[in-house]
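Visitor: Hey, got a minute to walk me through this one? I'd like to start with the ligand.
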Amino acid sequence: MLKAKATATRELLSLDGLWRFALDGAAGDEPWRATLDSTLEAAVPASFNDLFVDPAVRDHVGWVWYQRSVRVPRGWAGDRIFVRVDAATHAGRVYVGDELVAEHAGGYTPFEADITEVVTAGGEFRLTIAVSNELTGTTIPPGSITVTEDGRRQQKYLHDFYNYGGLARSVWLYSAPSVRVTDVTVVTDVDGSTGVVGYTVATSAPAELRVRLLDAALAEVASASGTRGVLRVPDVRLWQPGAAYLYELIVEVVDGDTVADTYPVAVGVRTVEVRGSEFLINGAPFYFTGFGKHEDTAVRGKGHDSAYLVHDFQLLEWIGANSFRTSHYPYAEEVLEFADRHGVVVIDETAAVGLNLAVEGGLANGPKRPTFSPETMNDKTRNAHAQAIRELIARDKNHPSVVMWCIANEPSSHEDGAREYFEPLVRLTRELDPTRPVTYANVMLASYRDDRIADLFDVVCLNRYHGWYVANGDLVTAERYLEGDLTGWAGKFGKPIIMSEYGADTLPGLHSVWDIPWTEEYQVAFFEMHHRVFDRVEGVVGEHVWNFADFRTTNGIHRVDGNKKGVFTRTREPKAAAHVLRARWTRVGSRK
Ligand code: GCB
């Protein structure tokens with residue numbers, strides 16, 4: 001799905017700002033049919049939960065209503081007019097005036113509606129967006145709703161981050177010609193010093209197409225016509241980790257001498273390959289340093305924020321991180337575009353977190369019921385999961401920064417039914433994108449001895465907590481466990497291994513000369529122990545610390561104002577461990 005962009009043939013209007021806001025039930029039946037009867041106003045983009053000082057809003061489970069009036073620019077007569085919602089977490093319905101124009105399930109991928117027939121250029125209309133934060137057995141991520149004895153609905157979920165809801169990303173109104181580009185797929189390769197850029201274009205109606213590839217100085221380096229083809233770029237400048245270079249593919253619908261539609265796609269020429277136990281970018285072994293992150297800040301919740309975007313990438317650079325994982329959902333498209341421009345490598349993850357009934361909010365609670373069964377994660381869950389994979393790849397397939405798809409976090413991959421559940425999903429991912437490796441983040445409970453799905457994937461990603469959930473406070477034992485664990489995986493599969501999570505909760509300001517969990521010294525010693533082991537085990541190709549920054553979770557006795565495994569606080573101050581990581585990751589030649 002193409003991002004909404006302003007071009008010579010398309011116009012774009014941001015609908016961000018303040019919207020009227022109401023909880024379902026507080027605004028009467030069918031609230032889209034009139035001005036919302038509420039004095040609340042909500043910021044877009046932002047999760048709604050922390051905006052108001054009202055537990056009824058924060059803890060609301062169900063639909064909420066956003067509304068504003070919109071004037072269609074009068075110059076848009078004759079064009080198609082669309083409303084595009086970058087994210088409605090976890091389901092959205094869009095109404096123009098009295099009419100339902102779009103519905104979507106899945107909280108982290110965009111959707112849009114062609115509203116040309118129900119609006120007029122120059123006219124004003126009432127735009128209402130309903131958003132539901134409900135998670136069920138058939139949503140991705142899954143969850144359930146319980147009702148307390150006094151009748152309050154509560155959302156339960158297995159994942160370890162707060163269930164923020166709302167319009168956390170931008171909403172747009174845009175115009176485009178009726179005969180227009182509707183999709184572009186770019187696949188790059190390298191042939192000696194020549195870059196090879198394959199392209200495929202879809203249009204809303206049969207049309208004549210022209211493509212031109214411009215370099216960063218806007219000089220044309222190749223061109224072609226037709227809906228698919230291959231462009232060759234002599235003396236290509238590659239997109240490299242830490243040294244991004246972007247070309248621009250201008251895709252044009254032409255009608256004689258006129259350009260009827262034009263749409264640009266940033267192109268980074270690079271290759272990705274898994275060979276033996278190596279992960280290669282542009283043919284050279286790549287060692288991942290960085291983090292699992294979250295979209296999470298105070299007040300905004302999961303709301304996209306350009307200031308935090310810039311600052312987080314600054315901190316990544318400062319600390320020497322070359323990569324991150326979009327744990328545990330697709331991030332805003334602006335994040336990936338930024339990574340494209342700044343040469344940061346991304347492992348792009350679906351929102352399939354919590355497919356594991358034995359883990360709740362980061363704690364193992366022992367298997368109560370089978371995870372994969374007709375009553376629990378079933379065919380409907382898998383259908384929703386397949387749709388999440390389709391939408392992720394459709395949205396992100398052209399980003400050079402994205403080098404691998406991660407289709408699930410910590411599924412119960414050692415249980416009966418795991419293989420049957422995952423095999424078709426891995427096949428689907430490879431059909432949709434044969435060019436990128438595929439992985440999942442393995443949970444500690446599914447060891448190399450009893451995991452049933454690792455052979456289906458290209459890279460072994462391990463989330464491990466030796467020294468935290470296991471051997472807490474005993475780093476000597478933890479070191480032995482960790483080494484046995486890693487050598488076991490390396491020996492059995494011979495695939496590249498990325499430590500996709502390792503971390504220790506740490507309260508800044510808490511100190512000790514002993515190995516005391518929660519102190520800054522313990523987090524430092526914990527990382528140093530891990531790094532000694534990584535450097536000893538052949539086949540480890542990356543280390544992603546859990547987590548970049550402290551983040552909000554649901555309440556729990558093991559969570560002190562949220563998850564504190566951040567190397568930075570929630571407001572991005574470094575803990576002592578940040579300096580240790582920086583020393584390792586910025587040391588010349590430190591990467592194995
Ligand atoms: C995990 C999860 C992550 C949690 C983390 C923790 O394994 O993947 O979402 O936040 O552990 O801190 O418990």
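Guide: Sure. The residues around the ligand are D160, H328, G362, N409, E410, N463, E501, W546, N563 and K565. Keep in mind that this is a predicted model.

Visitor: How does the shell around the ligand split by class?
Guide: There are five polar residues, four charged ones and one nonpolar.

Visitor: OK, zooming out. How many helices and strands does the protein have?
Guide: Eight helices and 32 strands. The radius of gyration is 24 Å and the globule rule gives 25 Å for 592 residues, so the protein is as compact as a globular protein of that length.

Visitor: And what does the C-alpha trace span along the principal axes?
Guide: About 70 × 70 × 45 Å.

Visitor: What share of the residues is buried?
Guide: Buried residues are 47% of the 592. On contacts, take the pairs at least 6 apart in sequence: 69% of those join residues at least 24 apart.

Visitor: Let's pick a helix. What should α4 span, going by its residue count?
Guide: α4 runs over residues 379–396, which is 18 residues, and at 1.5 Å a residue that should come to 26 Å. Its end C-alpha atoms are 25 Å apart, which agrees.

Visitor: Which of its residues are buried?
Guide: In α4 the buried ones are T381, R382, A384, H385, A388, I389, E391, L392, I393, R395 and D396. As background, an α-helix has 3.6 residues a turn, so residues three or four places apart point the same way.

Visitor: What do those buried residues pack against?
Guide: Two helices and two strands: α3 (333–342) and α5 (418–432), plus β25 (345–349) and β28 (402–409).

Visitor: Switching topic, which residues does the UniProt domain annotation cover?
Guide: The unreviewed UniProt entry puts "domain: Glycosyl hydrolases family 2 sugar binding" on residues 14–177. In the model that span is 42% strand and 2% helix, and its end C-alpha atoms lie 19 Å apart.

Visitor: Now the backbone oddities. What is the peptide bond from V44 to P45, cis or trans?
Guide: Cis, with omega near 5°. P45 sits in the loop between β3 (41–44) and α1 (55–58). Another cis peptide bond joins I140 and P141, with omega about 0°, and P141 is in the loop between β9 (124–132) and β10 (143–147). For context, most peptide bonds are trans.

Visitor: What about phi at E30?
Guide: E30 isn't a glycine, yet its phi is positive, about 45°. E30 lies in the loop between β2 (17–23) and β3.

Visitor: Is E30 buried or exposed?
Guide: Exposed: E30 has 10 other C-beta atoms within 10 Å, and 12 or fewer counts as exposed. D235 also has a positive phi, near 50°. D235 is in the loop between β17 (228–233) and β18 (247–255), and with 8 C-beta neighbours inside 10 Å it counts as exposed.

Visitor: Last one, Q523. Where is it?
Guide: In helix α7, residues 520–536. Q523 counts as buried, with 29 C-beta neighbours inside 10 Å.

Visitor: What is Q523 in contact with, leaving aside its neighbours within four places in sequence?
Guide: A504, T506, K575 and A577.

Visitor: And how is Q523 placed relative to R270?
Guide: Their C-alpha atoms are separated by 36 Å, and the two residues are 253 apart along the chain.

Notes: Residues numbered from 1 in each chain as written. Predicted model: local features only at pLDDT ≥ 70, side-chain atom pairs only at ≥ 80, totals over all residues. Near = placed C-beta within 6 Å. Nonpolar A, V, L, I, M, F, W, Y, C, P; charged D, E, K, R; others polar. Helix = DSSP H or I, 4+ residues; strand = E, 2+ residues; numbered from the N terminus. Rg over C-alpha atoms; globule rule 2.2 N^0.38 Å. Buried ≥ 20, exposed ≤ 12 C-beta atoms within 10 Å, placed from the backbone. Contact = placed C-beta atoms within 7 Å. Expected span 1.5 Å × (residues − 1). UniProt positions renumbered as here; feature names shortened; annotations may be inferred.
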